[in-house]
Amino acid sequence: MTEVSEAGPRQRPRVEGGREDEILDATVELVAELGYDRLTMDAVATAAKASKATLYRRWTSKAELVVDAISRAKGCPIPEEVDTGSLRGDLIALSCNEGGFTDEMPMSVMAGLLTALHRDDDLQLAFKERFLKPRLGLTGRVYQRAVERGEIAADVDVELLSQTLPALVIHHAFVLGVEPTEDLILRVIDHVILPAARGSQAR
């Protein structure tokens, strides 16, 4: 019986040398500047000084290129794994350093993608799988360690609690137009997250 390969779809050829990074970085900058809807493959090709044929040999669509760019390019890094010994310290480290909420580029990229994420199924699926999933995994590990240290009460909905900080920061940034400063993040952590983590013990 012939063994069936489970390697998945064939990977499209990579762009040689450092050109791929240049294309991805240019894409991130254009998403932040123009938004997803106004971004075109022509614009990326021009900004990266590459041909459209080069782009299409590597990425089959704009959605694929954009998600690849925001997932891997230098301008929008995944925050590094942290373990400061406390939930408060971990959340501050994640939120207020490179790749966090106070980092201008990731928030600009999010602003450029928000409207399209509601309408473009391909973009939404790729964004969830390749951009959000590793970040949610990182946050999940932070809260799991807090549970193991006894910082989060047994009656607390940890999944909901872990979504509260990003939800409030994004609401302030994109609904209220309030810049996500370190002061805002500390207020949310100290007045919302930590009291909620204590659950019924705080009442």
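Select Gly112 first: at 11% relative accessibility it counts as buried (under 20% relative accessible area, with exposed over 50% and partly exposed in between, for a 1.4 Å probe and protein chains only). Gly112 sits in helix H6, residues 104-117; helices are DSSP runs of H or I with at least four residues, strands are E runs of at least two, and both are numbered from the N terminus. The model is predicted: local features need pLDDT of at least 70 and side-chain atom pairs pLDDT 80 or more, while totals for chains, interfaces and linings use all residues. Residues are numbered from 1 along each chain as its sequence is written, and side-chain values use heavy atoms, with hydrogens and water left out.

Next, show what surrounds Gly112. Leaving aside neighbours within four places in sequence, Gly112 is in contact (heavy atoms within 4.5 Å) with Val31, Gly35 and Tyr36. Tyr36 is 76 residues from Gly112 in sequence, with the C-alpha atoms 5.6 Å apart.

Stay on Tyr36 and add Lys62. The charged end of Lys62 sits over the Tyr36 ring, 4.3 Å from its centre; the rule asks for NZ of Lys or CZ of Arg within 6 Å of the ring centre and within 35 degrees of the ring normal.

Move to helix H7 and select Phe127 and Phe131. Rings of Phe, Tyr and Trp (its six-membered ring) pair if their centres lie within 6.5 Å; planes under 30 degrees apart count as stacked, over 60 as edge-to-face and the rest as tilted. The count is 1 aromatic pair. The Phe127 and Phe131 rings are stacked because their centres are 4.9 Å apart and their planes are at 20°. These two residues are 4 apart in H7, so about one helical turn separates them. Both Phe127 and Phe131 are buried. Add Arg135, which lies over the face of Phe131 at 3.7 Å from the ring centre.

Now display the largest pocket, with a volume of about 850 Å³. On a 1 Å grid over the protein atoms alone, a pocket is an open set of points where a 1.4 Å probe fits, with protein on both sides within 12 Å along at least five of seven lines; lining residues have an atom within 4 Å of a point. The volume is the space filled by probe spheres set on the points, which are joined across faces, edges and corners. Of its 30 lining residues, Phe101, Leu132, Leu136, Pro166 and Ile170 lie nearest the centre. H7 gives the most to this lining, with 10 residues.

Finally, zoom out: the chain has 9 helices and 0 strands, and 40% of its 203 residues are buried.
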